[in-house]
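Visitor: I would like a close look at one part of this model, the strand pairing, and then an account of how the rest of the chain is laid out around it.

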Amino acid sequence: AELALETRINCYRHMVSLDCCGHQLKEDDQHAYQKTGECLNALTFLQSVQENREFRSIIYWVSLFACREVTDPRDKVYGLLGLAVGDEIGMVEPDYTSSLEEVFYAAAVGSIKRNMNLDILSYLAGKRSAQLPSFVPDWTHQPDFRNYELRLQSFHLFSAATNTIARVKEIATGTLAVRGIFVDTIRENPFPAEAWEEKFDKCRL
């Protein structure tokens, strides 16, 4: 499959090169040229996913593709399980009798338990369903991933928890208990009615 992908990308690159055959594309071929370019972009992106899958968590991939449309919303998680590597393989078992909220919950809890960290909290963005616990991302209302991808790539720059691991216990459905240290208390939310993007811009300022 990897060889086939590389071969197809090289073929598309050859096709979209205006000088590869020593002549310019005719006006009638512009539509085909555009479609070929779109295919090249898509295949190059897939190649990047393939090359980086072992360095990313399954939650990263779910968030990356969350803005894509699917026939069954549960496939926003189930459809990407094949990208899992290492300890994350089998983290979630597909079960189409589960509700969408149950699928998202299973993915979040599975990520915490398998990776033994709380990185899942950095994926909370956008509008949220009231049916989801506060620590579970809502991938049906995910904003453009590029808006917050940078912070996800910056995890290695921070170490508030040093070398400790997250020991989490599920004390009830939708409720987790975890050990931590109280640092301060947030008294109020200064941006209660604004969209996530507006909050983000103000936080940057």
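Visitor: Which residue of β2 is the bridge partner of A172?

Guide: A172 has T175 as its bridge partner in β2. Before going further, please note that this is a predicted model, in which local features need pLDDT of at least 70 and side-chain atom pairs count only at pLDDT 80 or more, while totals for chains, interfaces and linings use all residues. Residues are numbered from 1 along each chain as its sequence is written, and side-chain values use heavy atoms, with hydrogens and water left out.

The pair A172 and T175 belongs to an antiparallel arrangement in which strand β1, residues 168-172, is joined by four bridges to strand β2, residues 175-178 (strands pair if DSSP finds at least two bridges between them). Another of these pairs sets V168 opposite V178, its bridge partner in β2. Between the strands the hairpin leaves two residues, and G174 takes a positive phi near 90° in this hairpin.

For the wider setting, the secondary structure of the protein amounts to seven helices and two strands, counted as DSSP runs of H or I with at least four residues for helices and of E with at least two for strands. Read from the N terminus, the order of the elements is α-α-α-α-α-α-β-β-α, and the loop between α6 (149-152) and β1 holds T164. This residue counts as exposed because its relative accessibility is 51%, where exposed means over 50%, buried under 20% and partly exposed in between, with a 1.4 Å probe and protein chains only. From C-alpha to C-alpha, T164 lies 9.3 Å from M116, although the two are 48 residues apart in sequence.

M116 is also one of the residues in contact with S111, together with I59 and M91, once the neighbours of S111 within four places in sequence are set aside (contact means heavy atoms within 4.5 Å). S111 is placed in helix α5, and its relative accessible area of 5% is why S111 counts as buried. Over the whole protein of 205 residues, 29% count as buried, and 59% of the contacts with a separation of 6 or more are between residues 24 or more positions apart.

T164 appears again at the largest pocket, where it is among the residues nearest the centre, alongside L118, D119, A160 and A161, in a lining of 24 residues. Here a pocket is an open set of points on a 1 Å grid where a 1.4 Å probe fits, with protein on both sides within 12 Å along at least five of seven lines, and lining residues have an atom within 4 Å of a point. D119 is likewise among the residues nearest the centre of the second largest pocket, as are S57, Y123, L152 and F155, in a lining of 16 residues. To that second lining, two or more residues are given by α3 (58-64) and by α5 (100-115), and α5 is the helix that holds S111.
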